[in-house]
Amino acid sequence: MPAKGILVTGGAGYIGAHVALMLAEAGERVVVLDDLSTGFAAAVHQGELIIGDVADSRLVRGLLQAHDVDTVMHFAARTVVPESVSDPLGYYHNNTCGTRSLLQCCAQAGVKHLVFSSTAAVYGIPEDGLAREDGPTDPINPYGRSKLMSEWMLRDLSAATSLRHVALRYFNVAGSDPEGRIGQSTRQATLLVKVACEAAVGRRDHVAVFGNDYPTPDGTGVRDYIHVTDLAAAHLDALNYLRRGGPSDTFNVGYGHGTSVRQVLDTVQRLSGRRLDIRERPRRPGDPPSLVAAAERIRQVLGWTPRHDDLETIVGTALAWERDPAY
Ligand SMILES: NC(=O)c1ccc[n+]([C@@H]2O[C@H](COP(=O)([O-])OP(=O)(O)OC[C@H]3O[C@@H](n4cnc5c(N)ncnc54)[C@H](O)[C@@H]3O)[C@@H](O)[C@H]2O)c1
Ligand SMILES: O=c1ccn([C@@H]2O[C@H](COP(=O)(O)OP(=O)(O)O[C@H]3O[C@H](CO)[C@H](O)[C@H](O)[C@H]3O)[C@@H](O)[C@H]2O)c(=O)[nH]1
């Protein structure tokens, strides 16, 4: 019997494309659904790309049936925090209502497994800077709320039906495919590693440091940066876990240690050999001083074994992409 299909929504985007390629290389039959609002057709290396909206129920129902899909990996979303503040309804429409529509199709088609892209933004500002899966969720922007609502819907649907899911809460994702096939080409990026690498190759004239008076070792914000290839591998671990019959669950995907803005910028300067024009700016509203994953559960339960837990590898691959992007 031919293998069941895996539907990857948002598979032309930065993270989804890395996962789709890794799945295809592992021998899975992948079909990508993406409206190309922020993604790139050239990011889809293997498997079919269907251009369309996750909220198009007719299209999605047809795809689930035609490709005999039993697993959905759901990446499609709008992801820019400040944009979610200025256009909250757009974010709830695309991320929350889009997910609801997709889930309805999955339930009707009897999809067995779903892996969902959630975010550390569901935590808001944890008191001690360490985010635990069973700790409070209190997102501070519409993006985080749109994702948390999706987690809730998934949890309720899994309780009511035979669907089982894994929600992965990503921390700060950066870097690119070490072979240079896929990377982050997001336009008007706001994320630190991407912005700093753009400056290092001369595509921006400066980098802002948002806040130098945080209660952190060097006064700048601390985050848990993870390499996109390790993040992609977590999705294959989640898939294997669900196939083994594992119950629905939620996991942080982070390394469990923090890096400051200044450490990131120092590394970008050292690896690029370029001095950046660094401008100290006031704190960015809504930024927690420090956000680091409690990172044990995913290793224990899913068996996730990161291979690129190294700031130089993260920045090095991000810089390589910035110098010579494939799209
Ligand atoms: N990049 C990060 O650091 C980060 C951190 C936490 C969580 N996430 C989550 O990971 C997922 C992927 O993010 P990314 O960084 O790859 O962003 P991205 O913008 O590169 O990818 C999102 C993809 O979804 C597509 N898309 C958006 N709305 C769609 C719709 N309605 N129908 C079909 N396709 C649609 C876009 O065209 C794009 O290809 C998102 O769900 C995001 O919330 C990302
Ligand atoms: O030009 C910049 C950009 C960022 N920063 C600082 O660098 C750190 C990281 O900021 P990012 O914008 O790179 O990422 P965030 O920590 O804001 O992460 C948010 O956006 C991510 C990607 O969308 C995830 O969703 C994540 O969960 C969500 O909290 C923060 O201290 C921020 O103040 C700067 O100093 N200058």
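Strand 10 (residues 222-223) and strand 13 pair in the antiparallel sense, over two bridges. This comes from a predicted model, so here is a friendly tour of that sheet, one helix pair and the surroundings of ligand 1.

**The four-stranded sheet**
- Within the pairing of strands 10 and 13, Arg223 sits opposite Thr259 of strand 13.
- Both strands belong to an open sheet of four strands, which runs in the order 6-15-10-13 and has mixed pairing.
- Its edges are strand 6 (130-131) and strand 13 (259-260), each of which pairs on one side only.

**Helix 2 against helix 4**
- The axes of helix 2 (residues 57-66) and helix 4 (residues 88-109) come within 10 Å and cross at roughly 40°.
- Helix 2 is therefore oblique to helix 4.
- The crossing of helix 2 past helix 4 is right-handed.
- From helix 2, Ser57, Val60, Arg61, Leu64 and Gln65 take part in the contact, and they meet Ser101, Leu102, Gln104, Cys105, Gln108 and Ala109 of helix 4.
- By class, the residues of this contact are five nonpolar, five polar and one charged.

**Around ligand 1**
- Ligand 1 is surrounded by 30 residues, and the closest are Gly10, Gly13, Gly39, Ala76 and Ala77.
- Two or more residues each come from helix 1 (14-25), strand 2 (29-34), helix 4, strand 5 (113-119) and strand 8 (172-174).
- Helix 1 contributes the most to this shell, with three residues.
- Sorted by class, the shell around ligand 1 holds twelve nonpolar, 14 polar and four charged residues.

Note on methods:
Residues are numbered from 1 along each chain as its sequence is written. Chains are lettered from A and ligands numbered from 1 in the order in which they are written. This is a predicted model: local features need pLDDT of at least 70, side-chain atom pairs count only at pLDDT 80 or more; totals for chains, interfaces and linings use all residues. Axes are lines fitted to C-alpha atoms, for helices over the stretch in contact, and angles run from 0 to 180 degrees between N-to-C directions. Angles under 35 degrees count as roughly parallel, over 145 as roughly antiparallel, 65 to 115 as roughly perpendicular and the rest as oblique. A crossing is left-handed if the near helix is turned anticlockwise from the far one by less than a right angle, and right-handed if clockwise. Two residues are in contact if their C-beta atoms, placed from the backbone, lie within 7 Å. Ala, Val, Leu, Ile, Met, Phe, Trp, Tyr, Cys and Pro count as nonpolar, Asp, Glu, Lys and Arg as charged, and the others, Gly among them, as polar. A residue is near a molecule or strand if its C-beta atom, placed from the backbone, lies within 6 Å of it. Two strands pair if DSSP finds at least two bridges between them.
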